[in-house]
Amino acid sequence: MASPWKDAVVVVTGASSGIGLELARHMAPEAKALALVARRRERLEDLAVELREKHPRLEVMVRPTDLADLAQCGAMIDDVTARLGRIGVLVNNAGFGDMGVFDRADWDKIHSMIQVNVTALTYLSQRVFPEMVAMGHGGILNISSGFGLEFLPSFAAYVATKHYVTGLSESLHCEGRPLGVTVTQVCPGPVDTEFEGVLGNKAGRPPPSIAQISAAKCARQALRGFARRRALVIPGFFMKLTMWSGAWSPRWLKRLIYLPVASWFRRRQLAAPLADA
Ligand SMILES: NC(=O)c1ccc[n+]([C@@H]2O[C@H](COP(=O)([O-])OP(=O)(O)OC[C@H]3O[C@@H](n4cnc5c(N)ncnc54)[C@H](OP(=O)(O)O)[C@@H]3O)[C@@H](O)[C@H]2O)c1
(Lines give C-alpha, C1' and ligand atoms only; values in the text may rest on other atoms or scores of the structure.)
Protein backbone atom coordinates (compact mmCIF):
# COMPACT_ATOMS: atom_id res chain seq x y z
CA MET A 1 0.00 0.00 0.00
CA ALA A 2 1.40 3.44 -0.95
CA SER A 3 2.20 5.84 1.87
CA PRO A 4 -0.40 8.61 2.35
CA TRP A 5 2.16 11.28 1.39
CA LYS A 6 3.24 9.65 -1.91
CA ASP A 7 2.69 12.21 -4.72
CA ALA A 8 0.66 14.35 -2.29
CA VAL A 9 0.74 18.01 -1.33
CA VAL A 10 1.91 17.90 2.29
CA VAL A 11 1.70 20.65 4.92
CA VAL A 12 4.12 20.31 7.84
CA THR A 13 3.63 22.68 10.78
CA GLY A 14 6.60 23.33 13.03
CA ALA A 15 9.03 22.48 10.22
CA SER A 16 11.67 24.95 11.43
CA SER A 17 13.04 22.61 14.11
CA GLY A 18 13.09 19.21 15.79
CA ILE A 19 10.55 16.54 14.87
CA GLY A 20 8.78 18.63 12.20
CA LEU A 21 12.03 19.33 10.36
CA GLU A 22 12.84 15.61 10.34
CA LEU A 23 9.33 14.67 9.21
CA ALA A 24 9.72 17.05 6.26
CA ARG A 25 13.13 15.54 5.39
CA HIS A 26 11.75 12.00 5.53
CA MET A 27 8.64 12.72 3.42
CA ALA A 28 10.50 14.76 0.79
CA PRO A 29 11.62 11.82 -1.42
CA GLU A 30 8.01 10.72 -2.06
CA ALA A 31 5.85 13.82 -1.71
CA LYS A 32 4.78 15.91 -4.70
CA ALA A 33 5.04 19.19 -2.79
CA LEU A 34 5.87 20.30 0.74
CA ALA A 35 4.60 23.43 2.48
CA LEU A 36 6.88 24.31 5.39
CA VAL A 37 5.09 26.22 8.15
CA ALA A 38 6.44 27.90 11.32
CA ARG A 39 7.30 31.44 12.46
CA ARG A 40 11.07 31.48 11.81
CA ARG A 41 11.35 32.19 8.08
CA GLU A 42 15.15 31.82 7.83
CA ARG A 43 15.04 28.31 9.29
CA LEU A 44 12.35 27.33 6.78
CA GLU A 45 14.31 28.90 3.89
CA ASP A 46 17.43 26.91 4.89
CA LEU A 47 15.43 23.67 4.93
CA ALA A 48 13.82 24.54 1.58
CA VAL A 49 17.26 25.05 -0.02
CA GLU A 50 18.42 21.67 1.35
CA LEU A 51 15.30 19.84 0.12
CA ARG A 52 15.30 21.45 -3.35
CA GLU A 53 18.95 20.47 -3.82
CA LYS A 54 18.34 16.85 -2.80
CA HIS A 55 14.97 16.43 -4.52
CA PRO A 56 14.86 18.57 -7.68
CA ARG A 57 11.35 17.41 -8.67
CA LEU A 58 9.87 18.34 -5.28
CA GLU A 59 8.04 21.65 -5.03
CA VAL A 60 8.79 23.39 -1.73
CA MET A 61 6.82 26.33 -0.37
CA VAL A 62 7.97 28.33 2.63
CA ARG A 63 5.00 29.78 4.50
CA PRO A 64 5.87 31.70 7.70
CA THR A 65 2.80 31.60 9.96
CA ASP A 66 2.06 32.27 13.60
CA LEU A 67 -0.33 29.43 14.41
CA ALA A 68 -1.45 31.18 17.60
CA ASP A 69 -3.34 33.52 15.24
CA LEU A 70 -6.36 31.81 13.65
CA ALA A 71 -6.57 34.36 10.81
CA GLN A 72 -2.99 33.47 9.83
CA CYS A 73 -3.88 29.75 9.94
CA GLY A 74 -6.74 30.33 7.51
CA ALA A 75 -4.64 32.48 5.16
CA MET A 76 -1.93 29.80 5.18
CA ILE A 77 -4.35 27.06 4.09
CA ASP A 78 -5.76 29.34 1.35
CA ASP A 79 -2.26 30.19 0.05
CA VAL A 80 -1.02 26.61 0.04
CA THR A 81 -4.13 25.36 -1.78
CA ALA A 82 -3.94 28.19 -4.35
CA ARG A 83 -0.25 27.61 -5.07
CA LEU A 84 0.23 23.85 -4.67
CA GLY A 85 -3.30 22.41 -5.05
CA ARG A 86 -5.42 20.19 -2.84
CA ILE A 87 -3.77 19.29 0.47
CA GLY A 88 -3.40 15.50 0.66
CA VAL A 89 -1.59 15.27 3.99
CA LEU A 90 -1.59 17.57 7.00
CA VAL A 91 1.08 17.12 9.66
CA ASN A 92 0.04 18.88 12.86
CA ASN A 93 3.40 18.92 14.58
CA ALA A 94 3.90 22.51 15.82
CA GLY A 95 3.51 22.81 19.55
CA PHE A 96 5.24 23.61 22.78
CA GLY A 97 5.02 22.88 26.49
CA ASP A 98 4.99 24.66 29.81
CA MET A 99 6.38 23.34 33.06
CA GLY A 100 5.89 24.53 36.62
CA VAL A 101 3.32 24.54 39.41
CA PHE A 102 -0.02 25.81 38.12
CA ASP A 103 -0.42 28.58 40.71
CA ARG A 104 2.76 30.22 39.35
CA ALA A 105 2.04 29.68 35.65
CA ASP A 106 2.04 32.54 33.13
CA TRP A 107 -1.45 32.87 31.63
CA ASP A 108 -0.19 34.37 28.34
CA LYS A 109 2.02 31.33 27.76
CA ILE A 110 -0.80 28.92 28.63
CA HIS A 111 -3.20 30.75 26.34
CA SER A 112 -0.78 30.74 23.44
CA MET A 113 -0.04 27.03 24.06
CA ILE A 114 -3.76 26.20 23.88
CA GLN A 115 -4.06 28.23 20.67
CA VAL A 116 -1.18 26.39 18.98
CA ASN A 117 -1.52 22.87 20.46
CA VAL A 118 -5.34 22.75 20.41
CA THR A 119 -7.11 25.48 18.45
CA ALA A 120 -4.81 25.66 15.41
CA LEU A 121 -4.54 21.86 15.22
CA THR A 122 -8.34 21.49 15.29
CA TYR A 123 -8.96 24.33 12.86
CA LEU A 124 -6.39 23.10 10.31
CA SER A 125 -7.77 19.56 10.56
CA GLN A 126 -11.31 20.81 10.02
CA ARG A 127 -10.19 22.79 6.96
CA VAL A 128 -8.67 19.75 5.20
CA PHE A 129 -10.69 16.78 6.51
CA PRO A 130 -13.94 17.39 4.53
CA GLU A 131 -12.15 17.31 1.17
CA MET A 132 -10.17 14.23 2.17
CA VAL A 133 -13.46 12.50 3.00
CA ALA A 134 -15.02 13.66 -0.28
CA MET A 135 -12.01 12.33 -2.26
CA GLY A 136 -11.79 9.09 -0.24
CA HIS A 137 -8.09 9.47 0.55
CA GLY A 138 -5.59 11.59 2.43
CA GLY A 139 -4.22 11.71 5.93
CA ILE A 140 -3.59 13.72 9.07
CA LEU A 141 -0.58 13.02 11.27
CA ASN A 142 -0.92 14.56 14.74
CA ILE A 143 2.09 14.82 17.02
CA SER A 144 0.60 14.42 20.48
CA SER A 145 2.77 13.23 23.40
CA GLY A 146 3.11 10.53 26.03
CA PHE A 147 1.25 13.17 28.05
CA GLY A 148 -1.71 12.59 25.75
CA LEU A 149 -2.09 9.22 27.49
CA GLU A 150 -0.66 9.95 30.93
CA PHE A 151 -0.44 12.87 33.37
CA LEU A 152 2.15 14.43 35.65
CA PRO A 153 2.06 17.27 38.18
CA SER A 154 3.85 20.44 37.02
CA PHE A 155 2.73 19.87 33.42
CA ALA A 156 -1.02 20.38 34.00
CA ALA A 157 -1.99 22.64 31.10
CA TYR A 158 0.40 20.95 28.63
CA VAL A 159 -0.96 17.52 29.65
CA ALA A 160 -4.48 18.84 29.07
CA THR A 161 -3.64 20.10 25.54
CA LYS A 162 -2.18 16.73 24.60
CA HIS A 163 -5.13 14.79 26.10
CA TYR A 164 -7.25 16.87 23.71
CA VAL A 165 -5.03 15.95 20.73
CA THR A 166 -5.22 12.28 21.67
CA GLY A 167 -9.01 12.34 22.04
CA LEU A 168 -9.53 14.17 18.76
CA SER A 169 -7.10 11.95 16.88
CA GLU A 170 -8.56 8.63 18.05
CA SER A 171 -12.12 9.76 17.28
CA LEU A 172 -11.13 11.06 13.84
CA HIS A 173 -9.22 7.86 13.15
CA CYS A 174 -12.48 5.92 13.52
CA GLU A 175 -14.42 8.44 11.42
CA GLY A 176 -11.82 8.55 8.66
CA ARG A 177 -10.76 4.93 8.33
CA PRO A 178 -13.93 3.52 6.66
CA LEU A 179 -13.81 6.48 4.25
CA GLY A 180 -10.18 6.00 3.19
CA VAL A 181 -8.72 8.81 5.32
CA THR A 182 -5.89 7.99 7.74
CA VAL A 183 -5.57 9.81 11.05
CA THR A 184 -2.55 8.76 13.10
CA GLN A 185 -1.37 10.20 16.39
CA VAL A 186 2.18 9.97 17.66
CA CYS A 187 2.85 9.93 21.42
CA PRO A 188 6.57 10.38 21.99
CA GLY A 189 8.39 10.62 25.28
CA PRO A 190 11.43 12.89 25.53
CA VAL A 191 12.91 13.75 22.11
CA ASP A 192 16.17 15.66 21.69
CA THR A 193 14.90 18.95 20.17
CA GLU A 194 14.49 22.60 21.17
CA PHE A 195 11.36 21.62 23.13
CA GLU A 196 13.13 21.53 26.50
CA GLY A 197 14.38 25.11 26.12
CA VAL A 198 10.90 26.48 25.34
CA LEU A 199 9.34 24.35 28.09
CA GLY A 200 11.16 26.16 30.91
CA ASN A 201 12.38 23.20 32.96
CA LYS A 202 11.79 24.25 36.58
CA ALA A 203 13.02 20.93 38.05
CA GLY A 204 16.58 21.70 36.98
CA ARG A 205 17.06 18.14 35.75
CA PRO A 206 17.01 17.00 32.11
CA PRO A 207 14.72 14.11 31.10
CA PRO A 208 16.28 10.66 31.76
CA SER A 209 18.67 9.89 28.92
CA ILE A 210 17.46 6.26 28.73
CA ALA A 211 14.06 7.57 27.62
CA GLN A 212 15.29 10.17 25.13
CA ILE A 213 15.41 9.49 21.38
CA SER A 214 16.56 11.60 18.43
CA ALA A 215 14.15 13.64 16.30
CA ALA A 216 15.13 11.57 13.26
CA LYS A 217 14.22 8.30 15.00
CA CYS A 218 10.93 9.79 16.19
CA ALA A 219 10.11 10.94 12.64
CA ARG A 220 11.02 7.58 11.07
CA GLN A 221 8.82 5.60 13.48
CA ALA A 222 5.97 8.12 13.17
CA LEU A 223 5.98 7.80 9.39
CA ARG A 224 6.23 4.02 9.46
CA GLY A 225 3.07 3.91 11.59
CA PHE A 226 1.33 6.51 9.41
CA ALA A 227 2.16 4.50 6.26
CA ARG A 228 0.64 1.43 7.94
CA ARG A 229 -2.51 3.41 8.78
CA ARG A 230 -1.97 2.95 12.53
CA ALA A 231 -4.13 4.91 15.00
CA LEU A 232 -1.33 5.27 17.55
CA VAL A 233 2.47 5.32 17.35
CA ILE A 234 4.68 5.34 20.45
CA PRO A 235 8.27 5.80 19.28
CA GLY A 236 11.10 4.12 21.18
CA PHE A 237 11.22 0.88 23.19
CA PHE A 238 11.47 2.57 26.60
CA MET A 239 8.38 4.71 26.00
CA LYS A 240 6.41 1.74 24.65
CA LEU A 241 7.20 -0.09 27.88
CA THR A 242 6.33 2.94 30.04
CA MET A 243 3.03 3.53 28.25
CA TRP A 244 2.18 -0.17 28.39
CA SER A 245 2.74 -0.32 32.16
CA GLY A 246 0.85 2.98 32.55
CA ALA A 247 -2.13 1.56 30.68
CA TRP A 248 -2.34 -1.33 33.16
CA SER A 249 -1.95 0.79 36.30
CA PRO A 250 -5.08 2.11 38.01
CA ARG A 251 -5.42 5.91 38.04
CA TRP A 252 -5.73 6.01 41.84
CA LEU A 253 -2.31 4.35 42.10
CA LYS A 254 -0.76 6.91 39.74
CA ARG A 255 -2.27 9.76 41.77
CA LEU A 256 -0.87 8.21 44.95
CA ILE A 257 2.62 8.01 43.42
CA TYR A 258 2.39 11.53 41.99
CA LEU A 259 1.43 13.21 45.30
CA PRO A 260 5.03 13.22 46.62
CA VAL A 261 6.27 13.95 43.08
CA ALA A 262 4.12 17.12 43.08
CA SER A 263 5.64 18.21 46.40
CA TRP A 264 9.14 17.51 45.07
CA PHE A 265 8.48 19.63 41.93
CA ARG A 266 7.13 22.48 44.11
CA ARG A 267 10.16 22.43 46.39
CA ARG A 268 12.53 22.41 43.38
CA GLN A 269 10.73 25.30 41.74
CA LEU A 270 10.53 27.43 44.89
CA ALA A 271 14.21 26.77 45.59
CA ALA A 272 15.18 28.01 42.11
CA PRO A 273 16.35 31.63 41.63
CA LEU A 274 13.39 34.05 41.51
CA ALA A 275 13.74 34.74 37.77
CA ASP A 276 13.15 31.04 37.05
CA ALA A 277 10.48 30.47 39.69
N1 LIG B 1 10.66 17.03 22.26
C2 LIG B 1 9.92 16.34 23.11
O3 LIG B 1 10.42 15.87 24.14
C4 LIG B 1 8.46 16.08 22.80
C5 LIG B 1 7.82 15.04 23.49
C6 LIG B 1 6.47 14.78 23.22
C7 LIG B 1 5.81 15.55 22.28
N8 LIG B 1 6.46 16.56 21.63
C9 LIG B 1 5.69 17.36 20.66
O10 LIG B 1 6.36 17.35 19.43
C11 LIG B 1 5.99 18.50 18.67
C12 LIG B 1 7.24 19.13 18.07
O13 LIG B 1 8.08 19.60 19.09
P14 LIG B 1 9.67 19.45 19.03
O15 LIG B 1 10.06 18.51 20.09
O16 LIG B 1 10.15 19.21 17.65
O17 LIG B 1 10.07 20.91 19.58
P18 LIG B 1 10.80 22.14 18.85
O19 LIG B 1 12.13 21.73 18.33
O20 LIG B 1 10.75 23.26 19.86
O21 LIG B 1 9.84 22.49 17.62
C22 LIG B 1 8.59 23.11 17.80
C23 LIG B 1 8.10 23.61 16.45
O24 LIG B 1 6.82 24.24 16.65
C25 LIG B 1 6.83 25.51 16.02
N26 LIG B 1 5.95 26.45 16.70
C27 LIG B 1 5.87 26.73 18.01
N28 LIG B 1 4.99 27.74 18.22
C29 LIG B 1 4.52 28.11 17.00
C30 LIG B 1 3.63 29.11 16.54
N31 LIG B 1 3.02 29.97 17.39
N32 LIG B 1 3.38 29.21 15.22
C33 LIG B 1 3.99 28.36 14.35
N34 LIG B 1 4.86 27.41 14.72
C35 LIG B 1 5.12 27.28 16.03
C36 LIG B 1 8.28 25.98 16.12
O37 LIG B 1 8.56 26.89 15.08
P38 LIG B 1 8.86 28.47 15.26
O39 LIG B 1 9.45 28.67 16.63
O40 LIG B 1 9.83 28.79 14.15
O41 LIG B 1 7.55 29.12 15.07
C42 LIG B 1 9.03 24.67 15.87
O43 LIG B 1 9.19 24.44 14.50
C44 LIG B 1 5.23 19.42 19.64
O45 LIG B 1 3.86 19.34 19.38
C46 LIG B 1 5.54 18.83 21.01
O47 LIG B 1 4.50 19.06 21.94
C48 LIG B 1 7.76 16.84 21.87
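In this predicted model, Phe-151 sits in the loop that runs between strand β5 (138-143) and helix α5 (156-176). Phe-151 has 17 C-beta neighbours inside 10 Å and therefore counts as partly exposed, since a residue would need 20 or more such neighbours to be buried and 12 or fewer to be exposed. Between Phe-151 and Asp-66 there are 28 Å in space, taken from C-alpha to C-alpha, and the two residues are 85 apart in sequence.

Another part of the model is the packing of two helices, α1 (residues 18-27) against α7 (residues 215-227), whose axes lie 8 Å apart and meet at an angle of about 55°. That angle makes α1 oblique to α7, and the crossing of the two helices is right-handed. The residues that meet in this contact are set out by helix below.

| Helix | Residues in the contact |
|---|---|
| α1 | Gly-18, Ile-19, Glu-22, Leu-23, His-26, Met-27 |
| α7 | Ala-215, Ala-216, Cys-218, Ala-219, Arg-220, Ala-222, Leu-223 |

By class, the residues of the contact of α1 with α7 comprise nine nonpolar, two polar and two charged.

Helix α1 also takes part in the surroundings of the ligand, where 29 residues form the shell and the closest are Gly-14, Gly-18, Arg-39, Gly-95 and Phe-195. Both α1 and α6 (195-199) supply at least two residues of this shell, and the largest share, three residues, comes from α1. The shell around the ligand is made up of 13 nonpolar, 11 polar and five charged residues. Gly-18 is thus named twice, among the α1 residues that meet α7 and among the closest residues to the ligand.

Key: Residues numbered from 1 in each chain as written. Predicted model: local features only at pLDDT ≥ 70, side-chain atom pairs only at ≥ 80, totals over all residues. Helix = DSSP H or I, 4+ residues; strand = E, 2+ residues; numbered from the N terminus. Axes fitted to C-alpha atoms, helices over the stretch in contact; angles between N-to-C directions. Parallel < 35°, antiparallel > 145°, perpendicular 65-115°, else oblique. Left-handed = near helix turned anticlockwise from the far one by under 90°. Contact = placed C-beta atoms within 7 Å. Nonpolar A, V, L, I, M, F, W, Y, C, P; charged D, E, K, R; others polar. Near = placed C-beta within 6 Å.
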